[in-house]
Amino acid sequence: MPRLQIVAVILCIVLNAFDNFDVLAISFSALGIVAEWEISNA
């Protein structure tokens, strides 16, 4: 593969990882947010 294709593939992988980080972060912090804001489960 040419160098430009390798760079494009690596860039796509990195951007995909950053795009999914917010979902991962909120799943870990959701319980703390619910407790702090006193939100009911309903």
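Here are some notes on this predicted model, going from the overall fold to single residues.

1. **Overall make-up.** The secondary structure is quick to list: the protein chain has 1 helix and 0 strands. Its C-alpha trace spans about 55 × 15 × 10 Å along the principal axes.

2. **The helix.** Helix α1 takes in residues 3-37, which is 35 residues. From first C-alpha to last, α1 reaches 50 Å, close to the 51 Å expected at 1.5 Å a residue.

3. **The kink.** Where does α1 bend? Look at Ser 29. A kink of about 50° is centred on that residue, so keep both the kink and the end-to-end reach of 50 Å in mind when you describe α1.

4. **Burial.** How many of the 42 residues count as buried? The share is 0%. To count as buried, a residue would need under 20% relative accessible area.

5. **Exposed surface.** The protein chain exposes about 4,100 Å². Carbon and sulfur atoms supply 71% of that area.

6. **A nonpolar patch.** Which residues make up the nonpolar patch on the surface? They are Met 1, Ile 6, Val 9, Ile 10, Leu 11, Ile 13, Val 14, Leu 15 and Phe 18. Together they have about 920 Å² of accessible area. Leu 11, one of the patch residues, lies in helix α1. As background for reading the numbering, an α-helix has 3.6 residues a turn, so residues three or four places apart point the same way.

7. **Asp 19.** This acidic residue is also found in helix α1. Is Asp 19 buried or exposed? Asp 19 is exposed, because its relative accessible area is 52% and the cut-off for exposed is over 50%. For a sense of distance along the chain, Asp 19 and Ile 33 are 14 residues apart in sequence, and their C-alpha atoms are 21 Å apart in space.

8. **Glu 38.** Just past the helix, Glu 38 sits in the segment after α1. Its phi is positive, about 55°, although Glu 38 is not a glycine. Glu 38 counts as exposed because its relative accessibility is 72%, again against a cut-off of over 50%. Looking back along the chain, Glu 38 and Val 23 are 15 residues apart, with 21 Å between their C-alpha atoms.

9. **What I'd look at in the viewer.** Start with the kink centred on Ser 29, then go to the positive phi at Glu 38, just after α1. After that, colour the nonpolar patch, including Ile 6, Val 14 and Phe 18.

Definitions and conventions
Residues are numbered from 1 along each chain as its sequence is written. This is a predicted model: local features need pLDDT of at least 70, side-chain atom pairs count only at pLDDT 80 or more; totals for chains, interfaces and linings use all residues. Side-chain values use heavy atoms; hydrogens and water are left out. Helices (H or I, at least four residues) and strands (E, at least two) are DSSP runs, numbered from the N terminus. The expected span of a helix is 1.5 Å times one less than its number of residues. The bend at a residue is the angle between axes fitted to the seven residues ending there and the seven starting there. Buried means under 20% relative accessible area, exposed over 50%, partly exposed in between (1.4 Å probe, protein chains only). Accessible areas come from the Shrake-Rupley method with a 1.4 Å probe; for residues, only the protein chains shown count as cover. Patches are made of residues with over 30% relative accessible area and no salt bridge: like charges are joined within 9 Å, nonpolar side chains (Val, Leu, Ile, Met, Phe, Trp, Tyr) within 5 Å. A salt bridge is a side-chain nitrogen of Lys or Arg within 4 Å of a carboxyl oxygen of Asp or Glu.
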